[in-house]
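The following note sets out several points for a colleague who is examining this structure. Each point may be checked against the sequence and the coordinates shown below.

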Amino acid sequence: MLAKRIIPCLDVTAGRVVKGVNFLELRDAGDPVEIARRYDEQGADELTFLDITASSDARDIMLHIVEQVANQVFIPLTVGGGVRSVADVRRLLNAGADKVSMNSAAVYNPELVAEASGKVGNQCIVVAIDAKRIAPGKWGVFTHGGRKLTELDAIEWAQRVEKLGAGEILLTSMDRDGTKIGFDLALVRAVSDAVNIPVIASGGVGNLQHLADGVIEGRADAVLAASIFHYGEHTVREAKEYMRSHGVEVRL
Amino acid sequence: MKIVVVDYGMGNLRSVAKAIEKVASASASVLISSSAADIQAADRVVVPGQGAMHDCMHEFLSRGLREAVFAAAQSKPFLGICVGMQMLFDHSEEGDTPGLGFIPGQVRRFADGMAGQDGARLKVPHMGWNEVNPVLPHPLWQGIEPGARFYFVHSYYCQPTDSAATAATTDYGLRFTSAVAQANIFAVQFHPEKSATAGLQLLSNFVSWQP
């Protein structure tokens with residue numbers, strides 16, 4: 001049976017892993033290559049790197065980090081942040097990324113999703129959706145690291161990117177990100193049920209039960225977390241053991 | 001020893017080469033190449049592949065690789081990965097594409113709306129870590145537990161005409177062939193280069209395999 005994936009997320013700026021609260025107030029969490037190696041040893045199923053500055057200088061730093069990680073860590077790597085063109089996608093894949101995540105660029109230029117997946121295959125293209133609750137049962141899509149509200153509905157947007165050729169959706173609740181009070185399970189379930197491609201739940205994990213909830217109640221295919229792993233509260237292995245004891249199929 | 005990873009512009013060649021370098025002896029050289037001469041001179045050949053089958057076949061054939069790869073598939077240890085496995089078959093449903101025809105059989109798409117044993121909906125692509133169950137003894141399974149998990153990411157699966165070619169199966173809505181073995185050819189649907197310890201073990205077995 002296919003295992004549910006646990007994915008530590010590394011937000012990177014200026015060559016360092018950082019973590020913010022509600023997309024603000026950054027705190028240093030260490031060296032990306034060292035952290036990636038540690039999570040691999042703990043049994044992480046994949047790693048996600050998000051370049052949260054994504055200026056042109058930062059892009060070269062990120063490529064270098066991806067190369068170094070890919071030389072040492074033999075699990076799938078997803079990289080995102082500032083991806084605007086098929087050339088950006090190719091650069092990251094050539095550096096050793098397995099999947100590339102796009103967010104704002106997909107919203108403002110949906111053709112990019114189609115073009116990129118046509119060129120490199122839909123299994124390599126992840127669309128990241130930053131969603132925020134705007135009414136009961138309704139979530140709006142934000143861009144630019146959560147600063148700009150668009151007119152898009154999160155569920156409709158997820159269905160649209162699937163048609164355009166996305167192979168996976170990385171779904172972050174902006175209401176929950178950094179709060180440690182758990183995923184927005186209604187959001188996760190609504191999106192996961194609306195599409196036929198895998199959905200990664202993100203935003204709000206504060207304990208191991210939250211991870212299990214994302215899969216069991218949110219029906220996510222994978223769960224992503226940062227701070228509970230970065231600051232040594234839990235190892236990935238502990239997370240997997242906990243999920244297994246709650247009936248979730250994991251790779252241990 | 002010279003190991004060539006065949007470059008036809010599709011797939012994460014660098015990861016495949018790095019993973020083989022990690023398990024090969026220091027005297028081995030791992031070369032990413034699209035040259036027929038390099039493939040002829042190689043001791044072992046790896047054909048990775050990612051993306052759409054039609055594009056893969058097009059790039060592969062337009063680089064004039066068919067003969068060299070055909071010769072390698074008949075004469076030396078040969079490893080196909082993902083679309084590199086699918087291309088060995090006669091035909092793929094993806095874009096109605098003819099394959100190389102080294103192994104008789106078809107490549108089919110997972111149906112939308114499949115359900116697992118627990119009734120949960122199974123999504124396509126089949127993405128993540130799933131169990132690989134060897135169905136015949138083979139040197140490439142050495143040190144790998146039956147049911148070990150490998151990383152998959154694909155929407156199409158191979159269906160050999162002769163089930164004797166099946167080296168392992170995996171369950172995802174149906175039981176499909178996740179590895180094939182035929183003389184000096186071994187091919188896998190999963191990505192050993194992205195499958196942590198189990199994947200590196202399989203690559204290590206390939207590097208020392210004497211068919």
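1. Charge in chain B. In this predicted model, chain B carries 15 positive and 18 negative side chains. The centres of the two sets lie 6 Å apart.

2. Overall form of chain B. The chain is built from six helices and 15 strands. Its C-alpha atoms fill a box of roughly 50 × 35 × 30 Å along the principal axes. For 211 residues, a compact globule would be expected to have a radius of gyration near 17 Å, and the 16 Å found for chain B therefore agrees with that expectation.

3. Burial, surface and contacts. In chain B, 58% of the 211 residues count as buried. The accessible surface of this chain comes to about 7,800 Å², and carbon and sulfur atoms contribute 48% of that area. Among contacts in chain B with a separation of 6 or more, 71% are between residues 24 or more positions apart.

4. Strand β15 of chain B. Which residues lie on each side of strand β15, residues 185–188? B:Ile185 and B:Ala187 are on one side, while B:Phe186 and B:Val188 are on the other. All four are buried, and both faces of the strand are thus covered. As a general matter, side chains in a regular strand alternate between the two faces of the sheet.

5. Neighbours of β15(B). Strand β4 of chain B, residues 78–81, pairs with β15(B) in the parallel sense over four bridges. Within this pairing, B:Leu79 has B:Phe186 as its bridge partner in β15(B). Strand β14 of chain B, residues 174–182, runs antiparallel to β15(B), and four bridges join the two. Here B:Ala179 stands opposite B:Val188. The residues B:Phe186 and B:Val188, named in these two pairings, are both buried on one side of β15(B).

6. The hairpin between β14(B) and β15(B). Two residues separate the strands in this hairpin. B:Ala183 takes a positive phi near 50 degrees there.

7. The surroundings of B:Ser155. This serine occupies the loop between β11 (148–154) and β12 (156–160) of chain B. Is B:Ser155 buried or exposed? Its relative accessibility is 12%, so B:Ser155 counts as buried, the cut-off being under 20%. Setting aside neighbours within four places in sequence, B:Ser155 is in contact with B:Arg108, B:Arg109, B:Phe110, B:Val124 and B:Pro125.

8. A cis peptide bond. Two of the contact partners of B:Ser155, B:Val124 and B:Pro125, are joined to each other by a cis peptide bond with omega of about 10 degrees. B:Pro125 is located in the loop between β9 (121–122) and β10 (126–134) of chain B.

9. Positive phi at A:Ala14. Turning to chain A, A:Ala14 has phi near 50 degrees, a positive value in a residue other than glycine. A:Ala14 is placed in the loop between β1 (5–13) and β2 (16–21) of chain A. With a relative accessibility of 61%, A:Ala14 counts as exposed, since exposed means over 50%.

10. Positive phi at A:Lys180. Phi of A:Lys180 is near 65 degrees, again a positive value outside glycine. A:Lys180 belongs to the loop between β10 (168–173) and α7 (185–194) of chain A. Its relative accessibility of 32% means that A:Lys180 counts as partly exposed.

Terms used:
Residues numbered from 1 in each chain as written. Chains lettered and ligands numbered in written order. Predicted model: local features only at pLDDT ≥ 70, side-chain atom pairs only at ≥ 80, totals over all residues. Heavy atoms only, no water. Rg over C-alpha atoms; globule rule 2.2 N^0.38 Å. Buried < 20%, exposed > 50% of the residue type's maximum accessible area, 1.4 Å probe, protein only. Contact = heavy atoms within 4.5 Å. Areas by Shrake-Rupley, 256 points an atom, 1.4 Å probe, with all protein chains shown as cover. Lys, Arg positive; Asp, Glu negative; His and termini not counted. Charge placed at Lys NZ, Arg CZ, Asp CG, Glu CD. Pairing = 2+ DSSP bridges.
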